[in-house]
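Subject: Structure for your review

Hello,

Here is the structure I said I would pass on. Please look through it when you have time.

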Amino acid sequence: MDLSKFYITTPIYYVNAAPHLGHAYTNIACDVLSRFKKMTGDNVYFLTGTDEHGQKIKKAADEHGLSPKDFVDRISGNFRNLWDVLNVNFTDFIRTTEDRHIKAVRESLSRLHKNGDIYQSVYKGLYCTPCESFWDESQLVEGKCPDCGRKAEVIEEKNYFFKLSKYQDWLVDYLKENPGFVKPEIRYNEVTGFLKNNRLKDLCISRPKERLQWGVELPFDSGYVTYVWFDALMNYLSAVGFSSGKDKLSVFWPADIHCIGKDILRQHAVYWPIILKALGIALPKCIFAHGWWMIEKDDKTEKMSKSKGNAVSPLDLVEEFGRDAFRFFLLRETPFGADGKFSRKAFINRTNSDLANDWGNLVFRSLNMADKYFQGEVPFLGKDAFCEYRGILDSLPEKYTRSMKEMDFSSALESVWEVITAMNKSIETTKPWSLFKEKRTEDLSRFIYGLLESIRITGVYLYPFIPDTSLSVYRQLGISADFEKLNLLEEARFGRLKPGTKIKKDKPLFPRIEKC
Ligand code: MSP
């Protein structure tokens, strides 16, 4: 089979603290897209990983009394473990402390240096000595460090710079010709607006070793390590074999989507394309920047942060409500490009209304009826299944596929819910229990077959979002499938469910949550 490739990446996460709901969001979204792409026949490479160098990490390691290496091993392991818990099925996990990455960073720096795109000069900036951080004037709070509140001093030091400014006009033209390079549109406008109103300064890409040793040493000056953002961005190339001469690079590069949060747009939509252009490497096809999850508390919305102590732990929610409910909530509640508001109440409401009532109940009732009226077997189809909602079901592939391709996950789920709602309604209007009483066996058979088959099809479309649940639906219908290998449209064809199949009714998929 001739597969087309699909290379999707998440940001690599700083390992200075435990993962929270915001981190889980990107990885779940990428997992959903990756599962969908596999079901539509693509050869998917799904990359995630951890960003392990730099001052922030060194400081966190010191605070824990650990060596940076021991510390990053531990926290990176926590991220890996979370992806298993959340059923995030990545292809590769890159750590910036791995050899394959360090080699790639050094090779790219050598090339840029050789080409004259890196030069040495004096860096002048506002520096907070206790925090060991440089700040822009605009970041200071009343002239003081925004982290510790102490006075920031002007210091000067020799550093290496990458010629961002040289490529500004090129990037402006590139963006004009490729409006799909940054999505959604609001983020495209943000980048083009920024480039219109500001002249880019060259990027300082080094830190002297007297201040920081925890980084990748510059290949052309052993007195310095690499600035963490230059180091980090290279992960997208190092994972697929840049510098190791592996074929993977020619198969998978350029990346199809770099999925990121809106706060790291400039690094991805300005620095990264310029670095690639200077290296003579093709640009990724799209940078998609999603919104942020905020915390809703006492009618107020606040940023989620470690220091505020309001960071939501994905592990706690999964333990309490299950991983499919968690995956579903994040992608159903808010359009992917917009900001979302998290509250326990919203989570419980969404789970109860959509998963327990609409979907779980539909499956439970339908299997119950098959049990009761047809001795636990898929009934005969008769001359044709009787489904009033067939028109809505038949329009699902087109609507769903269009939304998924745009990473419009909430709309994709809405289109599935149109079918689920219509099926529930049809049970109420058809009243299968009356058909049973009136012994209209053929009509009842056609109706129940239609329900079971439509449940199966809906389960196929829901698989990327709530994979455990779809597997359970299949099991309960007495069938099995390897969802990652099948063909979505073929599997979702009406009429594949064989009459006579023995169903295996189980507990409701999502019990109603009573507490708050
Ligand atoms: N290490 C860099 C990324 C380098 S990529 C080459 C970094 N790491 S991070 O751990 O601070 O953030 C990783 C991602 O988490 C970012 O995309 C950020 O937008 C996302 N989120 C952090 N908090 C978030 C929310 N509250 N909501 C949604 N996403 C959030 O930046």
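Below are notes on the ligand site, the cysteines and some backbone features.

Please keep in mind that this is a predicted model.

Ligand site

The ligand is surrounded by 23 residues, and the closest of them are Ile-12, Asp-51, Gly-261, Asp-263 and Trp-293. Ile-12 places a backbone N or O atom 2.9 Å from a nitrogen atom of the ligand. Two contacts go to oxygen atoms of the ligand: a backbone N or O atom of Tyr-14 is 3.1 Å from one, and a polar side-chain atom of Trp-292 is 3.2 Å from one. On its own the ligand has 660 Å² of accessible area, and the protein covers 94% of that. Two or more residues of the shell come from each of β1 (4–14), α1 (21–39), α7 (228–233), α8 (235–238) and β12 (257–261). The largest share, 4 residues, is that of β1. By residue type, the shell consists of 13 nonpolar, 8 polar and 2 charged residues.

Cysteines

The search for disulfides covered the whole structure and returned 0. For Cys-30, the nearest cysteine sulfur belongs to Cys-259 and is 3.9 Å away, and Cys-30 is in no disulfide. The cut-off for a disulfide is a pair of cysteine sulfur atoms within 2.5 Å. Cys-30 has 0% relative accessibility and therefore counts as buried. Cys-128 is likewise in no disulfide; its nearest cysteine sulfur, from Cys-148, is at 3.6 Å. Cys-128 is also buried, with a relative accessible area of 0%.

Backbone

There are cis peptide bonds to look at before two prolines, Pro-184 and Pro-254. The bond from Lys-183 to Pro-184 has omega near -10°, and Pro-184 sits in the loop between β7 (182–183) and α6 (185–197). The bond joining Trp-253 and Pro-254 has an omega of about 5°; Pro-254 is in the loop between α9 (248–252) and β12.

Positive phi values turn up at Asp-298 and Lys-439, neither of which is glycine. For Asp-298, phi is near 45°. Asp-298 belongs to the loop between β14 (293–297) and β15 (300–303) and is exposed, at a relative accessible area of 65%. For Lys-439, phi is near 60°. Lys-439 lies in the loop between α16 (432–437) and α17 (441–462), and it is exposed as well, with a relative accessible area of 68%.

Regards

How values were computed: Residues are numbered from 1 along each chain as its sequence is written. This is a predicted model: local features need pLDDT of at least 70, side-chain atom pairs count only at pLDDT 80 or more; totals for chains, interfaces and linings use all residues. Side-chain values use heavy atoms; hydrogens and water are left out. A residue is near a molecule or strand if one of its heavy atoms lies within 4 Å of it. A polar contact is a pair of N or O atoms within 3.5 Å; within protein, one must be able to donate a hydrogen and the other to accept it, and residues adjacent in sequence count only if both atoms are side-chain atoms. Accessible areas come from the Shrake-Rupley method with a 1.4 Å probe; for residues, only the protein chains shown count as cover. Ala, Val, Leu, Ile, Met, Phe, Trp, Tyr, Cys and Pro count as nonpolar, Asp, Glu, Lys and Arg as charged, and the others, Gly among them, as polar. Buried means under 20% relative accessible area, exposed over 50%, partly exposed in between (1.4 Å probe, protein chains only).
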